[in-house]
Structure formats: structure tokens, C-alpha cells
Amino acid sequence: MKKALIIQGGWDGHEPQLTSKRFAKMLTDTQEWTVQIEDTLSCLDDFDWLSEHDLLVACWTMGEISMTQSQNVSKAVGKGMGLAGCHGGMCDSFRQDTEWQFMTGGQWVSHPGGDNIHYVVNVIPNSSPITSGLEDFEVCSEQYYVHIDPAIEVLATTRFPHPDVPYYHVSNKQVDIPVAWTKFWGNGRIFYQSLGHHDDVFDKSPTAHQLMRNGLLWAGDSKEYAVTHGLTTERFENDAKMY
């Protein structure tokens, strides 16, 4: 059985307990996963214990992570542990930690218009096995504007500025902002999608639910792949001060 660790906490407005429960069920329903949910970041202090897991799922918004905890996650993912999450639960987890932002591939900066914005998510055809069979879909939620790592593989986008939402950014050209992406951190796979302000968005949008499930399972396969192919971290290791 593969092992997943879910960290839940931070700002309650993102309903971390509900999303954690949902994501745990996505994994355990496959009959291939055991899941442990923790509501304190102290579980990240033990690098050896953390490294035993195949997947870390982040459901933690606007928190503070210690340098030791951040480095432990970075090294564990680098060895092959997958990392996945959604909305502010992963890409607004720790605003002061640039290593976390570097690893996850992006950081939330705004959601013009707030909640209950109707918009389209455009799935990029043939972008990944994660999006296989999925088509463009509409949602009503926050529309995330994110700053991203240009190295990410974009799976889905949304168009800014929204025609019905005035704000200072409308002076600029139309742009496609990523909604879902993947990237690698060493031997570890990263998956993120910006939907999930409230847990019920996954009930209202079956495509968003399927996208999240597929992403969790894809990220969760990275350690097995690394072990099977004899991948080590030697070529990634660097003693220089990073931050």
C-alpha cells in the first residue's frame, strides 16, 4: 500500500477539513492507499518519517512553516515523494517561504471580484494523462490570478481580465492564467489546481473533481517511478545558500 500524508490547517475559510476528507477518499477509494491526516506542521520535523510517504497533500492556507520543515519537505519531494494540492491550500500556504513557492510552481496574488465569479476553465488538449478525456468547463468561484514558474507544464487556463470584473489590471492585454499544472522537483512530481475556494466546487463541477483525483494519483506515482528506475538525488544536491 502507498502512504499519503495530508496536512490540514491554516485559514478556516478554505475548509481544510472538508477538502482533506475529500482528497483522502479519492485516494483510499482506489484500494491502493493509506492516508494519515495531520493538523499540525510538527509532523514535518522528522525527515526520515516524512520520507516514508509516497505523497504529501497540502491543505494549509496562510500559515508559517519553519525553515527545517520547509527543507524537509523540499528534500523528501526531491527524493521522489509527490506533492499535490489546490487553491490557497498549496499555492498560498506559506507566503514568506520562497522555497515552498519555488517547489510548488506558483503563488496566489489576487482573485479580482472575489467569490461567485462565473468563468470558463480551458483544458489544454493532450497536455497530460491527467487531463485525458476532460473538456472545457464552467465554474462559479474565485478566479485565481497567480504568479507562476515558467517551467511548469500548464494543463488548464482561464482568461483574464474577466469581462464583468473591473479592477486595475484591466488596462493590460488579455492573458491566459494557469488553473492547473504539473512540474518536477528533483525526482518528485508536483500537481496543483487553483479551484477549491470552497469544498463544494468539486461537487458542482465533476470535471474539477476528476482533475484533482487524476492529479493526486499522478503525483503519488513519482516515488515508485524513482525507485523502479534507480533514481538518486546526487545530481540535485547543492550546499550553496538558497535563501
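**View 1. H53 sits in the loop between α2 (47–50) and β3.** In this predicted model, we start with a single histidine and its surroundings. With a relative accessible area of 1%, H53 is buried, because buried here means under 20%. Leaving aside residues up to four places away in sequence, H53 touches K3, A4, L5, M81 and K223. For a sense of scale, L134 lies 81 residues from H53 along the chain, and the C-alpha atoms of these two residues are separated by 29 Å.

**View 2. Nine strands form an open sheet with mixed pairing.** Following the sheet across, you will meet the strands in the order β2-β1-β3-β4-β11-β10-β9-β6-β7. The edges belong to β2 and β7 (137–141); each has a single partner strand, so one side of each is left without a neighbour in the sheet. From one strand to the next, the twist averages 20 degrees.

**View 3. β3 and β4 run in parallel as paired strands.** Zoom in on this pair and you can look for the 4 bridges that join β3 to β4. A useful place to begin is A58, which stands opposite G85 in β4. Two helices also belong in this picture. α1 lies across β1, β2, β3 and β4, and its direction makes about 170 degrees with β1. α7 packs on the sheet too, touching β1, β2, β3, β4, β7, β10 (175–185) and β11 (188–193). Relative to β11, α7 runs at about 170 degrees.

**View 4. Helix α1 has many neighbours covering its buried residues.** The buried residues of α1 are P16, T19, S20, R22, F23, A24, M26 and L27. Their cover includes the strands β1 (2–10), β2 (33–38), β3 (55–61) and β4 (82–86), along with the helices α6 (201–204) and α7. As a quick geometry check, the 13 residues of α1 should span 18 Å at 1.5 Å a residue, and the end C-alpha atoms are indeed 18 Å apart, which agrees.

**View 5. Helices α1 (residues 16–28) and α7 (residues 206–220) cross at roughly 65 degrees.** The two axes come within 10 Å of each other, and the crossing of α1 past α7 is right-handed. On the α1 side, the contact is made by R22, F23, M26 and L27; α7 contributes H209, M212, R213, L216 and L217. Sorted by class, this contact has 6 nonpolar, 1 polar and 2 charged residues. As for the spacing of such residues, an α-helix has 3.6 residues a turn, so residues three or four places apart point the same way.

Notes
Residues are numbered from 1 along each chain as its sequence is written. This is a predicted model: local features need pLDDT of at least 70, side-chain atom pairs count only at pLDDT 80 or more; totals for chains, interfaces and linings use all residues. Side-chain values use heavy atoms; hydrogens and water are left out. Axes are lines fitted to C-alpha atoms, for helices over the stretch in contact, and angles run from 0 to 180 degrees between N-to-C directions. A crossing is left-handed if the near helix is turned anticlockwise from the far one by less than a right angle, and right-handed if clockwise. Contact means heavy atoms within 4.5 Å. Ala, Val, Leu, Ile, Met, Phe, Trp, Tyr, Cys and Pro count as nonpolar, Asp, Glu, Lys and Arg as charged, and the others, Gly among them, as polar. The expected span of a helix is 1.5 Å times one less than its number of residues. Buried means under 20% relative accessible area, exposed over 50%, partly exposed in between (1.4 Å probe, protein chains only). Two strands pair if DSSP finds at least two bridges between them.
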